[in-house]
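Subject: The structure we talked about, with notes

Dear colleague,

Here is the structure I promised to pass on to you, and my notes on what was found in it follow below. Please keep the model open while you read, so that you can look up each place as it comes.

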Amino acid sequence: MTKIIKAVRGMNDTLPDEAYQWQFFEQTVQDWLAMYGYRNIRTPIVEQSDLFVRSIGEVTDIVEKEMYCFVDHLNNDNLALRPEGTASCVRAVIEHNLLYGGPQRLYYSGPMFRHERPQKGRYRQFHQVGVEALGFSGPDIDAELIIMCARLWQMLGITGLRLEIGTLGNAESRALHRARLIKYFQQHVDALDEEAGRRLHTNPLRILDSKNPQMQSIIEQAPRLIDDLDEESRLHFETVQQILRDRGVTFEINPRLVRGLDYYNRTVFEWITDKLGAQGAVCAGGRYDGLVEQVGGKPAPACGFAMGVERLLALMQECGKAIAQPAPDIYIVHQGVQATEYAWQAAEHLRDANCRVVLHCGGGSFKAQMKKADASGARYAMIIGDDEALARQVTLKSLREFTDQARVDLNTVCELIRA
Ligand code: ATP
Ligand code: MG
């Protein structure tokens, strides 16, 4: 027997029963972003690997072990499937000189790829919507990005999300903090696990993110960046908080919030749910003032976030907001030469009036066609025999209520559907 070919592990099909929920989500997100003046940018799924190494950071989980890198053997280019969208967005903004026209409010959406262990809420192909504000330096834009999320949760019917915010300060305060961390962990080197030991000199901040229970107490007592903060960053963070309070957005300060990507500075934030088990972060972001220059552009401040679509859809389900595709309005059952000719005409006429119409295909007896009509979930079966066709009428039968079927013309059908 021929071997069955299956989808790649960790990469999912979205079947029609679920796909409508995705479409609803995408439409809602588009409407939401338009409300705030963000415009769509679309970049390729494949980029030069170097882009991600340089932006996300060489000593991060993503670049060290999660990135799908490959050599294009036709020309020996080192390429990668994008593991996230910010780097690509920044690359495109620089390449097309978009900041020349002033600050930009942008968003993207689409599949991202990370070679992680697949589990609920964690996939190798997953989807993000990312929102990026480039060329803005003030705390107002950080606050806008956070506040607009709160509206989206409302539009999606999601409740119970917790907002954590933190600050990573500027480059100098991070360097100071880094040195203090290394010193501190060196004093407790016996308590470090293998990974932390390896990270000690390359990326000590990541040790703070360790999930190892044996290390939690030493992590708890480690120096906090928030205590080493430079004055400007402290003020920036204060103002972000003040705007959030003024707008009634509640938050918790998490001094340990470190992000898995190296390009962040100052404000960082995460929206977290307790309803999805271990994979609780549904949306995360922050400021990345150094990235544009790092990727090769003229220095420009920026701030943004990305949300995980699979996790948000799962959360909508948990919140009882599962959305099913509306059934067709009408299923057309027809038999006879004139009847079929009239059925084709009637179907298009009704679609002109914005009705959702399924025309039976494949022939069969009236009875068999009526079964299909019922199974389609349609509200009405519209029955056309040669008699009806001759009179340019149809027989309409409700499939959902016990009412008598009636012989009517198409305009009456349109009015009924619209009502
Ligand atoms: P996590 O801590 O869960 O690994 P992360 O910090 O790696 O998340 P980001 O890189 O900030 O995540 O991406 C933003 C969002 O994208 C996350 O909050 C999450 O909702 C989603 N996400 C990240 N990785 C995955 C994945 N492998 N599968 C599904 N969703 C993901
Ligand atoms: Mg991750």
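For the charges that come up below, Lys and Arg count as positive and Asp and Glu as negative, while His and the chain ends are not counted. On that basis the protein has 48 positive and 55 negative charges, and the mean positions of the two groups are 3 Å apart. Please bear in mind throughout that this is a predicted model.

The overall picture

The protein contains 16 helices and 16 strands. Its radius of gyration is 28 Å, which is well over the 22 Å that the globule rule gives for 419 residues, so the protein is more spread out than a compact globule. If you take the principal axes as a guide, the C-alpha atoms fill a box of roughly 90 × 60 × 45 Å. Of the 419 residues, 50% count as buried, and the protein exposes about 21700 Å², with carbon and sulfur atoms supplying 50% of that area. When we look at contacts between residues at least 6 apart in sequence, 70% of them join residues at least 24 apart.

The strands

Strands of a sheet pair through backbone hydrogen bonds, either parallel or antiparallel. You can find both senses in this model, and β4 is a convenient place to begin.

Strand β4 (residues 77-81) runs antiparallel to strand β2 (residues 46-48), to which 3 bridges join it, and in this pairing Gln48 stands opposite Leu79. Strand β4 also pairs with strand β3 (residues 69-72), again in the antiparallel sense, over 4 bridges. Within that second pairing, Asp72 has Asp77 as its bridge partner, and Val71 has Asn78. The strands β3 and β4 form a hairpin with 4 residues between them, and Asn76, which lies in the turn, has a positive phi of about 65 degrees.

Elsewhere there is an open sheet of 8 strands, whose order is β1-β5-β6-β11-β10-β9-β7-β8 and whose pairing is mixed. Its edge strands are β1 (39-40) and β8 (252-253), each of which pairs on one side only. At the β8 end, strand β7 (residues 162-167) pairs with β8 in the parallel sense over 2 bridges, and Ile165 stands opposite Ile253.

Helix α4 and Val90

Which residues of α4 are buried? The helix is mostly covered, with 8 of its 10 residues buried, and these are Thr86, Ala87, Ser88, Cys89, Val90, Arg91, Ala92 and Val93. What covers them includes β2, α2 (49-56), β5, β6 (125-134) and α11 (291-295), so β2 meets us here again as part of that cover.

Val90 is worth a look of its own. This residue is found in helix α4, and it counts as buried because its relative accessible area is 0%, where buried means under 20%. Leaving aside its neighbours within four places in sequence, Val90 is in contact with Leu134, Tyr288, Leu291, Val292 and Val295. Val90 and Gly296 are 206 residues apart in sequence, whereas their C-alpha atoms are 9.6 Å apart in space.

Two loop residues with positive phi

Most residues other than glycine have a negative phi, and most peptide bonds are trans. With that in mind, please look at two asparagines in loops.

Asn97 has a positive phi of about 55 degrees although it is not a glycine. You will find Asn97 just after α4, in the loop between α4 (86-95) and β5 (104-113). Is Asn97 buried or exposed? Its relative accessibility is 51%, and Asn97 therefore counts as exposed, for which the cut-off is over 50%.

Asn354 likewise is not a glycine and has a positive phi, here of about 70 degrees. Its place is in the loop between α13 (337-352) and β13 (357-359), and with a relative accessible area of 71% Asn354 is exposed.

With best wishes

Methods:
Residues numbered from 1 in each chain as written. Chains lettered and ligands numbered in written order. Predicted model: local features only at pLDDT ≥ 70, side-chain atom pairs only at ≥ 80, totals over all residues. Heavy atoms only, no water. Rg over C-alpha atoms; globule rule 2.2 N^0.38 Å. Buried < 20%, exposed > 50% of the residue type's maximum accessible area, 1.4 Å probe, protein only. Contact = heavy atoms within 4.5 Å. Areas by Shrake-Rupley, 256 points an atom, 1.4 Å probe, with all protein chains shown as cover. Charge placed at Lys NZ, Arg CZ, Asp CG, Glu CD. Pairing = 2+ DSSP bridges.
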